[in-house]
Amino acid sequence: MTKRIHNFNPGPAVLPLEVLQQAQAEILDYKGTGMSVMEISHRSKEFEAMVTDAQADLHDLLGIPANYKILFLQGGASLQFAMLPMNFRPAGASADYIVIGTWSKKAFKESQKLGIAKAAANLEAENFNRLPTQSELKLDPQAAYLHFTSNETIHGVEYFTEPIPPAGVPLICDASSDFISRPIDVSKYAMIYAGAQKNAGPAGVVVCIIRDDLLEKVPANLPNLLDYKALAEENSLLNTPPCWSIYIVGLVLKWAKGIGGLEGISKRNQTKAGLVYKAIDESGGFYKGHAKSDRSVMNVTFRLPNEQLEDQFAGEAKKRDMIGLKGHRSVGGMRASLYNALPVEAAQELVKFMKEFQQKNG
Ligand SMILES: *Cc1c(COP(=O)(O)O)cnc(C)c1O
């Protein structure tokens with residue numbers, strides 16, 4: 001038996017075993033081509049079919065309306081931080097950002113480098129431990145768009161209902177760490193983007209879902225590879241795309257459909273997060289959650305009574321084949337990332353360990 005570990009890594013992260021097994025089975029001969037996906041031409045009919053298939057599966061899975069394009073791009077979510085204002089904020093206009101953690105702060109800063117961006121809210125003074133309410137948002141009715149991050153991977157806060165932009169202001173979402181983790185109403189969004197390496201596949205590809213009317217706003221003077229309209233017109237094949245990463249995303253989408261779609265996945269995710277939060281809440285203060293409200297279903301962030309115990313916790317967990325539990329250095333403490341592909345048993349093992357650890361050290 002091949003060794004598989006309980007992988008709580010924040011990204012790149014765990015992939016479904018079935019997906020890895022299929023990739024393994026197809027690695028020498030993809031669908032009778034006598035080649036692996038890494039070796040076939042991105043202009044071949046096999047590859048084109050793979051892209052079309054992945055787009056169709058994502059359409060089904062998320063219920064994407066017909067007036068949206070699906071793109072598979074490079075540069076990660078971080079490059080979209082710069083591309084968004086370049087494509088969708090006309091010269092002299094301003095864009096609004098809801099700053100609720102490390103990633104939305106980065107998106108905001110990148111946008112400020114290139115032009116005018118305003119924080120509709122910034123919860124840094126509270127160490128990003130909750131989300132702003134709708135009435136706390138200072139929204140500009142003239143904004144080119146409103147940007148928000150649906151799940152803050154490092155702080156562990158998550159939006160379960162979208163912020164509401166002023167009438168006519170497009171809503172743009174960085175969904176990197178909760179992409180395809182639950183059903184959403186795509187028609188509320190002008191654009192959704194997500195680096196694949198948390199919930200949807202390996203590093204190297206970012207999935208962008210963009211409403212057609214937004215693409216009409218793209219200025220004519222952008223470099224081709226930074227121009228969403230040019231990329232959409234060539235169906236992501238403007239240059240050589242990350243073929244292997246797109247292939248794995250395609251397999252993950254099929255896997256997701258096969259285990260009950262987003263309803264099924266959401267239930268599984270709720271179960272996992274519910275188990276870990278319950279262990280925190282019932283620990284009498286031994287484990288303390290970072291988020292005070294809006295607790296993320298994807299990244300559970302918590303602290304122990306001191307840093308020495310936190311190191312010990314991570315070390316002993318590793319001995320029991322549970323890895324990736326150290327929090328990000330900017331927040332400290334622990335973080336359990338419970339992405340789609342993490343089996344429920346992994347969360348059960350973690351909770352068992354948390355209880356034992358508390359008994360010994362509490
Ligand atoms: C990981 C992450 C990013 C950065 O993704 P890259 O693909 O490394 O650029 C951006 N936003 C969120 C919410 C993330 O979790």
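The exercises below, each with a worked solution, concern cavities, nonpolar cores and one loop residue in a predicted model.

**Exercise 1. The largest cavity**

Find how many cavities of 30 Å³ or more the structure holds, and describe the lining of the largest cavity by residue class.

Solution.
- Step 1: The count of cavities of 30 Å³ or more is 2.
- Step 2: The volume of the largest cavity is about 140 Å³.
- Step 3: Its lining is made of 17 residues, and Ser150, Ala175, Asp178, Ile184 and Tyr189 are the closest to its centre.
- Step 4: By class, this lining of the largest cavity has 11 nonpolar, 3 polar and 3 charged residues.

**Exercise 2. The second largest cavity**

Work out where the second largest cavity lies with respect to domain 1 (17-258) and domain 2 (261-361).

Solution.
- Step 1: The second largest cavity holds about 30 Å³ of space.
- Step 2: List the lining: Glu158, Ser181, Arg182, Ser266, Asn269, Gln270 and Val297.
- Step 3: Sort these lining residues by class, which gives 1 nonpolar, 4 polar and 2 charged.
- Step 4: Helix H8 (residues 261-281) gives the most to this lining, with 3 residues.
- Step 5: Because domain 1 (17-258) and domain 2 (261-361) both give residues to the lining, the second largest cavity lies between them.

**Exercise 3. The nonpolar cores**

Describe the largest nonpolar core and the residues with the most contacts inside it, then place this core with respect to the two domains.

Solution.
- Step 1: The largest nonpolar core has 91 residues, and Leu58, Phe179 and Phe313 have the most contacts inside it.
- Step 2: Helix H7 (residues 243-258) supplies the largest share of this core, 10 residues.
- Step 3: Domain 1 (17-258) and domain 2 (261-361) both give residues to this core, so the core lies between them.
- Step 4: Take Leu58 as an example. Residues up to four places away in sequence are not counted, and Leu58 then touches Gly63, Ile64, Ile70, Phe179, Ile180, Val207, Ile209 and Leu253.
- Step 5: Another core lies apart from the largest one; this other core has 31 residues, including Phe81, Leu84, Ala95 and Leu231.

**Exercise 4. A loop residue**

Decide whether Asn129 counts as buried or exposed, and list its contacts beyond four places in sequence.

Solution.
- Step 1: Locate Asn129 in the loop between strand E4 (116-122) and strand E5 (146-149).
- Step 2: Recall that buried means under 20% relative accessible area.
- Step 3: The relative accessibility of Asn129 is 15%, so Asn129 counts as buried.
- Step 4: With neighbours within four places in sequence left aside, Asn129 is in contact with Val157, His290, Ala291, Lys292 and Ser293.

Note on methods:
Residues are numbered from 1 along each chain as its sequence is written. This is a predicted model: local features need pLDDT of at least 70, side-chain atom pairs count only at pLDDT 80 or more; totals for chains, interfaces and linings use all residues. Side-chain values use heavy atoms; hydrogens and water are left out. On a 1 Å grid over the protein atoms alone, a cavity is a set of points where a 1.4 Å probe fits but cannot get out, and a pocket is an open set with protein on both sides within 12 Å along at least five of seven lines; lining residues have an atom within 4 Å of a point. Grid points are joined across faces, edges and corners, and a volume is the space filled by probe spheres set on the points. Ala, Val, Leu, Ile, Met, Phe, Trp, Tyr, Cys and Pro count as nonpolar, Asp, Glu, Lys and Arg as charged, and the others, Gly among them, as polar. Helices (H or I, at least four residues) and strands (E, at least two) are DSSP runs, numbered from the N terminus. Domain bounds come from an automatic or database domain assignment. A nonpolar core is a set of buried Ala, Val, Leu, Ile, Met, Phe, Trp, Tyr and Cys residues joined through side-chain atoms within 4.5 Å. Buried means under 20% relative accessible area, exposed over 50%, partly exposed in between (1.4 Å probe, protein chains only). Contact means heavy atoms within 4.5 Å.
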